[in-house]
Amino acid sequence: MGLPLLCWGNRVPPLVESGDLVFRTGDEAISSVITSMDSSGFSHVGILYLDHQQYYVIHATPAEHPGARDEVVVDTLEFFKARAKYHRVAYYHVSAPELAHRVAVNAALAQRGRPFSVLDARGIYCTELVDQAWAAAGYPLTQGRKTLHLPGATVELILPQHLIASPRLKNIAATQ
């Protein structure tokens, strides 16, 4: 079990473990599109990663730092939360053994630097990163997909609601 920690002055909810998920309503342009299709109210997700008593978030995102690329990155939890529109953040525990949590974190970390994309098979997007990392750990989370028809392409998207619907996820805490 994870221990409650102080993270840059803000308390991390009890029971949070490395490998658990953190959702937010993002401030990126794509976030408005996602929330219009998704019933969860969230547009972005990352995998929590505890390293040297500090929580980080592994996530695939459009560039959020000056000069950065659209890719899989590791940010501090505080930075991740600071980008939350309306400060809306929720933590979900993944019911799986500790070893599976470690495997999921390592699978996500191995994707660091992979381009962010919802359309290009060479890239990956946030919910897809989470889905692949937890599938690599032997605990698939995704419950459905949304078909999106675009000019010249049909895309099967995993939305935040498709992760939240997993019976393996339990809401630990949320703001608002």
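**Exercise 1. A salt bridge between a loop and a helix**

Task: In this predicted model, find how far apart the nitrogen and oxygen are where the side chains of arginine 145 and aspartate 131 meet, and place both residues in the fold.

Solution.
- Step 1: Start with the distance. Arginine 145 and aspartate 131 form a salt bridge with an N to O distance of 3.8 Å, which falls inside the rule's limit of within 4 Å.
- Step 2: Now locate the partners. Aspartate 131 belongs to helix H4 (126-136), while arginine 145 sits in the loop between H4 and strand S8 (146-150), so the pair ties together parts 14 residues apart in sequence.
- Step 3: Check the surroundings. Aspartate 131 is buried at 13% relative accessible area, whereas arginine 145 is partly exposed at 45%.

**Exercise 2. Two salt bridges inside helices**

Task: Glutamate 78 pairs with lysine 81, and glutamate 98 pairs with arginine 102. Work out where each pair lies and whether its members are buried or exposed.

Solution.
- Step 1: Take glutamate 78 and lysine 81. Their closest N and O atoms are 3.2 Å apart, and both residues lie in helix H2 (residues 77-82) with a spacing of 3 residues, about one turn of the helix.
- Step 2: Glutamate 78 is buried, at 16% relative accessible area. Lysine 81 is buried too, at 16%.
- Step 3: Turn to glutamate 98 and arginine 102. Here the closest N and O atoms are 3.0 Å apart. Both residues are in helix H3 (residues 98-109), 4 residues apart, again about one turn.
- Step 4: Glutamate 98 counts as exposed at 54% relative accessibility, and arginine 102 as partly exposed at 44%.
- Step 5: Connect spacing and geometry. An α-helix has 3.6 residues a turn, so residues three or four places apart point the same way.
- Step 6: For the whole model, the count comes to 5 salt bridges.

**Exercise 3. The sheet and its S4-S5 turn**

Task: Give the order of the strands in the open sheet, name the strands at its edges, and describe the loop between S4 and S5.

Solution.
- Step 1: Write down the order. The open sheet has 6 strands, arranged S6-S5-S4-S3-S7-S10 with antiparallel pairing.
- Step 2: Read off the edges. Strand S6 (71-76) and strand S10 (169-174) each have a single partner strand, so one side of each is left without a neighbour in the sheet.
- Step 3: Add the twist. On average, neighbouring strands are turned by 30 degrees against each other, direction ignored.
- Step 4: Zoom in on S4 and S5, which pair in the antiparallel sense over 5 bridges. Leucine 48 stands opposite valine 57 in S5.
- Step 5: Inspect the loop between strand S4 (44-51) and strand S5 (54-61), where histidine 52 lies. Histidine 52 is not a glycine, yet its phi is positive, near 50 degrees, and the residue is exposed at 75% relative accessible area.
- Step 6: Glutamine 53 is in this loop as well. Its phi is about 65 degrees, positive although the residue is not a glycine, and glutamine 53 counts as exposed at 58%.

**Exercise 4. Helix H3 against the sheet**

Task: Which elements do the buried residues of H3 pack against, and what span does H3 reach?

Solution.
- Step 1: Compare the span with expectation. With 12 residues, H3 reaches 17 Å from first to last C-alpha, close to the 16 Å expected at 1.5 Å a residue.
- Step 2: List the buried residues of H3: Ala100, His101, Ala104, Val105, Ala107, Ala108 and Leu109.
- Step 3: Find their partners. These buried residues pack against S4, S5, S6, S7 and H4.

**Exercise 5. The nonpolar cores**

Task: Which residues touch the most other members of the largest nonpolar core, and which element gives the largest share?

Solution.
- Step 1: The core holds 37 residues, and those touching the most other members are Leu21, Ile47, Ile58, Val130, Trp134, Leu141 and Leu163.
- Step 2: Elements giving two or more residues include strand S3 (21-26), helix H1 (29-37) and strand S9 (153-157). The largest share, 6 residues, comes from H3.
- Step 3: Look at leucine 141. Among the residues it touches are Leu21, Val130, Trp134 and Leu163, as well as Asp131, the salt-bridge partner of arginine 145.
- Step 4: Finish with the second, separate core of 11 residues, which includes Val22, Val57, Phe80 and Val89.

Notes:
Residues are numbered from 1 along each chain as its sequence is written. This is a predicted model: local features need pLDDT of at least 70, side-chain atom pairs count only at pLDDT 80 or more; totals for chains, interfaces and linings use all residues. Side-chain values use heavy atoms; hydrogens and water are left out. Buried means under 20% relative accessible area, exposed over 50%, partly exposed in between (1.4 Å probe, protein chains only). Two strands pair if DSSP finds at least two bridges between them. Axes are lines fitted to C-alpha atoms, for helices over the stretch in contact, and angles run from 0 to 180 degrees between N-to-C directions. The expected span of a helix is 1.5 Å times one less than its number of residues. Contact means heavy atoms within 4.5 Å. A nonpolar core is a set of buried Ala, Val, Leu, Ile, Met, Phe, Trp, Tyr and Cys residues joined through side-chain atoms within 4.5 Å.
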